[in-house]
Number of protein chains: 2
Amino acid sequence: MKAQVTVTLKRGVLDPQGQAIEGALKSLNFNSVGSVRQGKVFDIELDESDPVQARNRLNEMCEKLLANTVIEDYTVTLSE
Amino acid sequence: MKAQVTVTLKRGVLDPQGQAIEGALKSLNFNSVGSVRQGKVFDIELDESDPVQARNRLNEMCEKLLANTVIEDYTVTLSE
């Protein structure tokens, strides 16, 4: 089973990297750009056939390693 | 209009960061983990009402700044 985990900064947490990208896009004449926030994505292959079990394991991985839940949110998407 | 751009390494490109995360997950007893690949995600707010136009602009941003198309793939998802 394949999963995609997306980790993004919580609303209100300062994102200097995102701001830098926003500035860079504007300097390239992409004037319609509003805000930009950067996050991380993990493509994980799991040897697990039960989707419920897989989701539980992935949430656990996020809590323990992949996300800093003080400042970050995560979403888990399963495919196949 | 909000958009999410996901940038991931192409198949076959070495991903040491992903391998490190894979090792870390295994050392935390997540033994069902197969491969892990890490990528980037950009949440972009666009002042654009036409979805076709928005998608074109976002593709252009990816080609010019957000992705290194030699080694990375990107996908654009629009919402609202």
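**Two chains joined along E2**

User: Which residue is the bridge partner of Lys40(A) in E2(B)?

Analyst: The bridge partner of Lys40(A) is Lys40(B). This is a predicted model.

User: What makes E2(A) and E2(B) a pair of strands?

Analyst: Pairing calls for at least two bridges. E2(A) and E2(B), each spanning residues 33–46, are joined by 11 bridges, in the antiparallel sense. The requirement is met, so they pair.

User: How do you know that E1(A) pairs with E2(A), and in which sense?

Analyst: The same test applies: at least two bridges. E1(A) and E2(A) have 6, and the sense is antiparallel. One of the bridges links Gln4(A) to Asp43(A).

User: How many bridges join E1(A) to E3(A)?

Analyst: There are 8, and these two strands run antiparallel. E3(A) covers residues 72–79. Within E3(A), Ser79(A) is the bridge partner of Lys2(A).

User: What is the area that chain A and chain B bury between them?

Analyst: It is about 2700 Å², with 62% on carbon and sulfur atoms. On the side of chain A, Phe30(A), Ser32(A) and Val41(A) lose the most area to chain B. Together they account for 21% of what that side buries.

User: How many salt bridges and polar contacts cross the interface of chain A and chain B?

Analyst: A salt bridge needs a side-chain nitrogen of Lys or Arg within 4 Å of a carboxyl oxygen of Asp or Glu. The rule finds 0 across this interface. For polar contact, the N or O atoms must lie within 3.5 Å. There, 14 residue pairs qualify.

User: Which elements of chain A supply at least two residues to the side that touches chain B?

Analyst: E1 (2–9), H1 (16–27), E2 (33–46) and H2 (51–66) each do. E2(A) gives the most, with 14 residues. By type, the residues of that side divide into 15 nonpolar, 10 polar and 9 charged.

User: Why are the two copies said to be related as by a two-fold rotation axis?

Analyst: A turn of 180 degrees lays chain A on chain B. The RMSD is 0.0 Å, and the shift along the axis is 0.0 Å. The copies are therefore related as by a two-fold rotation axis. In chain A, the C-alpha nearest the axis belongs to Lys40(A), 2.3 Å from it.

User: How do you know that the same surface serves both copies?

Analyst: Contact residues of chain A recur in chain B at 100%. Contact here means heavy atoms within 4.5 Å. Chain A brings 34 residues to the contact, and chain B brings 34.

How values were computed: Residues numbered from 1 in each chain as written. Chains lettered and ligands numbered in written order. Predicted model: local features only at pLDDT ≥ 70, side-chain atom pairs only at ≥ 80, totals over all residues. Heavy atoms only, no water. Buried area = accessible area lost by both parts, 1.4 Å probe. Polar contact = N/O pair within 3.5 Å; in protein donor to acceptor, adjacent residues only side chain to side chain. Helix = DSSP H or I, 4+ residues; strand = E, 2+ residues; numbered from the N terminus. Nonpolar A, V, L, I, M, F, W, Y, C, P; charged D, E, K, R; others polar. Least-squares fit on C-alpha atoms with pLDDT ≥ 70 in both.
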